[in-house]
Amino acid sequence: MKKKGLSLVLAAVMLTGLLTGCGSTKKIVASETYEVEENPSVTVDGTWIVPGKDREITFHADGTYTSTISDTMNGSYSYYKNIDGFELADSFQELEYVVLSDSDGKEQIFGAVLGDILVGYWNKDSCYYFREDREILPEEKFLGSWTDAFGGKYTMVLHDDGTGKIGDKEDLEACTFQYDTQTGYLTVTQDGKDKEYAVGMHEGYLFLMQIGNYYTMYMFQPA
């Protein structure tokens, strides 16, 4: 069997739940549909970044935000108690929703806040951000066996000696990896090719975001 890079082996993660509801959330107006959350347990205050890419959002305490996304993506944001269509709500105990409106007052980004990770839908596409001052995970937190969080067949096994296996759980193939404890970046090497990811975790679920690509995030649960 031909070996595959990590991003290909785990591509099914993106097709089985993390993005479900993307289209439906864009057809509604949150301010007219959902109840505002006045006291969110997890706030978005501060700057959120796409690791490896000049793209960020800064949330201010006065309910406004600025960003480098586009000239018009500066405006206000609000928290909501619920937004239909986010399959993530079935996985987490602590989950906040935030909606960003542009400078014209039009709602643009529908987001779910998972601690230091922001999962958003914008123009029917996904977008993902990490809190700039997020806590960097120690390597031992994500060593072990992980599987597709949405019931797929793909598995990732990482050992403390820098070796591992990824692929279909019945046909795992070898890889090596290195983890930078300063940046929180994981580099996986397979078939002589490197893939680099920012690592995050929320309520025991593992997230890997491809460096420089705010459209690619993988979500795992312990195998």
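A residue counts as buried here when its relative accessible area is under 20%. Keep that cut-off in mind for strand β15 (residues 205-210), where 6 of 6 residues are buried. We will come back to β15 later in the tour.

**Stop 1: colour by confidence**

Welcome! The model in your viewer is predicted, so start by colouring it by pLDDT. The mean for the protein is 84, and 87% of the residues reach 70 or more. Now select residues 1-26, where pLDDT stays under 50. The model has 75 contacts beyond four places in sequence for this stretch.

**Stop 2: a barrel from β1 to β8**

Next, show the strands as a cartoon. In the order β1-β2-β3-β4-β5-β6-β7-β8, 8 strands close into a barrel with antiparallel pairing. From one strand to the next, the twist averages 30°.

Select β1 (residues 46-50) together with β2 (residues 53-59): these strands are antiparallel and share 5 bridges. One place to look is Ile49, whose bridge partner in β2 is Glu56. The hairpin of β1 and β2 has 2 residues between the strands, and Gly52 in the turn has a positive phi of about 85°.

Move on to β3 (residues 64-67), which runs antiparallel to β2 and is joined to it by 3 bridges. Here Ile57 has Ser67 in β3 as its bridge partner. The β2 and β3 hairpin has 4 residues between its strands, with Gly63 at a positive phi near 90°. Then add β4 (residues 75-80), which pairs with β3 in the antiparallel sense over 2 bridges. To see this pairing, pick Thr64 and its bridge partner in β4, Ser76.

**Stop 3: zoom in on Thr47**

Go back to β1 and select Thr47. Is Thr47 buried or exposed? Its relative accessibility is 17%, so Thr47 counts as buried. Turn on side chains to see a polar contact of 2.9 Å between the side chains of Thr47 and Thr58. Setting aside residues up to four places away in sequence, Thr47 touches Glu56, Ile57, Thr58, Phe130, Arg131 and Glu132.

**Stop 4: two cysteines**

Select Cys127, which is buried with a relative accessible area of 1%. Then select Cys175, also buried, with a relative accessible area of 5%. How many disulfides does a search of the whole structure find? The search finds 0.

**Stop 5: a barrel from β9 to β16**

Now select the strands from β9 onward. In the order β9-β10-β11-β12-β13-β14-β15-β16, 8 strands close into a barrel, again with antiparallel pairing. The twist averages 35° from one strand to the next.

Within this barrel, highlight β10 (residues 154-158) and β11 (residues 163-168), an antiparallel pair with 5 bridges. Leu158 has Gly164 in β11 as its bridge partner.

**Stop 6: back to β15**

Finish by showing the side chains of β15. Tyr205, Phe207 and Met209 point one way, while Leu206, Leu208 and Gln210 point the other way, and all are buried.

On one side of β15 in the barrel order is β14 (residues 193-202), paired with β15 in the antiparallel sense over 6 bridges. Find Tyr197 opposite Gln210. Their hairpin has 2 residues between the strands, and Glu203 takes a positive phi near 50°. β15 is also joined by 4 bridges to β16 (residues 217-222), and the two run antiparallel. Look for Phe207 opposite Met219 in β16. Last of all, select Gly212, in the turn of the β15 and β16 hairpin, with a positive phi of about 80°.

Definitions and conventions. Residues are numbered from 1 along each chain as its sequence is written. Side-chain values use heavy atoms; hydrogens and water are left out. pLDDT is the predictor's confidence in each residue, from 0 to 100. Contact means heavy atoms within 4.5 Å. Two strands pair if DSSP finds at least two bridges between them. Buried means under 20% relative accessible area, exposed over 50%, partly exposed in between (1.4 Å probe, protein chains only). A polar contact is a pair of N or O atoms within 3.5 Å; within protein, one must be able to donate a hydrogen and the other to accept it, and residues adjacent in sequence count only if both atoms are side-chain atoms. A disulfide is a pair of cysteine sulfur atoms within 2.5 Å. Axes are lines fitted to C-alpha atoms, for helices over the stretch in contact, and angles run from 0 to 180 degrees between N-to-C directions.
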